[in-house]
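Work through these exercises with the structure in view. Try each task before you read its solution.

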Amino acid sequence: PEPSRWDDTLDRLGWAPARRTTLRTVSTADLMAACGPAPDGITVELSADPSAELLALVEPTLDPEGLARILTAPVERVFVALRDADGALVAAGRASTASSPAGRWAGITSVAVTDGARRRGLGTAVMGELGRWAAAAGAPSTYLQVMAVNEPAIALYARLGLVLHHTYCYRSPGPISSR
């Protein structure tokens with residue numbers, strides 16, 4: 001988490017912040033109320049496992065096999081794929097659910113919209129599908145992880161009612177990227 005009492009020590013040891021992430025929360029009911037259905041001409045697909053095409057969209061720089069292992073680790077999970085009239089994948093996302101001492105939560109990660117399909121309500125549609133799945137899975141609360149540098153996505157999530165809970169970062173040895 002940031003800030004951490006270990007930041008100065010890690011900086012001195014050369015472990016630089018590499019990937020800053022924000023964690024945002026919303027009640028699942030509020031998320032569903034903020035999201036409508038997918039736009040006309042868009043097909044929604046739900047599956048328990050991601051296709052190679054979906055993995056390439058949501059995290060193009062990561063090893064697909066390793067990414068698939070991470071994203072499919074939770075037993076209760078769903079992948080949402082939105083396709084246009086030609087069948088092309090235009091948006092996707094993933095959610096999982098689990099119980100904790102704080103109650104049952106849904107976690108949303110890996111939301112992505114192709115460059116050519118942005119500003120058409122597809123990110124909102126993905127969030128709506130994931131919210132409906134979370135509600136059906138019995139999760140009254142939802143959290144979402146999004147990269148801290150992804151300002152357009154953060155603005156969308158704020159419009160959908162998600163509020164900042166905390167930030168965290170991954171560190172790696174090497175030069176400092178951006179602090």
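**Exercise 1.** In which sense do strand S1 and S7 pair, and over how many bridges?

*Solution.* Bear in mind that this is a predicted model. Start with strand S1, residues 15-27. Its pairing with S7 is antiparallel. Ten bridges join the two strands. For one point along this pair, take Pro 17: Arg 171 in S7 stands opposite.

**Exercise 2.** Give the order of the strands in the open sheet, then find the edge strands.

*Solution.* The sheet has seven strands. Read across it: S2-S3-S4-S5-S6-S1-S7. The pairing is mixed. Now look for strands that pair on one side only: these are S2 (43-47) and S7 (163-173). From one strand to the next, the twist averages 25°.

**Exercise 3.** Which strands does each of the helices H5 and H6 touch?

*Solution.* Take helix H5, residues 122-136. H5 packs on the sheet and touches S2, S3, S4, S5 (103-113) and S6 (141-147). Its direction makes about 30° with that of S4. Next comes helix H6, residues 151-159. H6 also packs on the sheet, touching S1, S5 and S6. The angle between the directions of H6 and S6 is about 165°.

**Exercise 4.** Is Ala 88 buried, partly exposed or exposed?

*Solution.* First locate Ala 88: the loop between strand S3 (77-83) and strand S4 (89-100). Its relative accessible area is 33%. Buried means under 20%, and exposed means over 50%. Ala 88 is therefore partly exposed. Last, check its contacts. Beyond its neighbours within four places in sequence, Ala 88 is in contact with Leu 82 and Arg 83.

Note on methods:
Residues numbered from 1 in each chain as written. Predicted model: local features only at pLDDT ≥ 70, side-chain atom pairs only at ≥ 80, totals over all residues. Heavy atoms only, no water. Helix = DSSP H or I, 4+ residues; strand = E, 2+ residues; numbered from the N terminus. Buried < 20%, exposed > 50% of the residue type's maximum accessible area, 1.4 Å probe, protein only. Contact = heavy atoms within 4.5 Å. Pairing = 2+ DSSP bridges. Axes fitted to C-alpha atoms, helices over the stretch in contact; angles between N-to-C directions.
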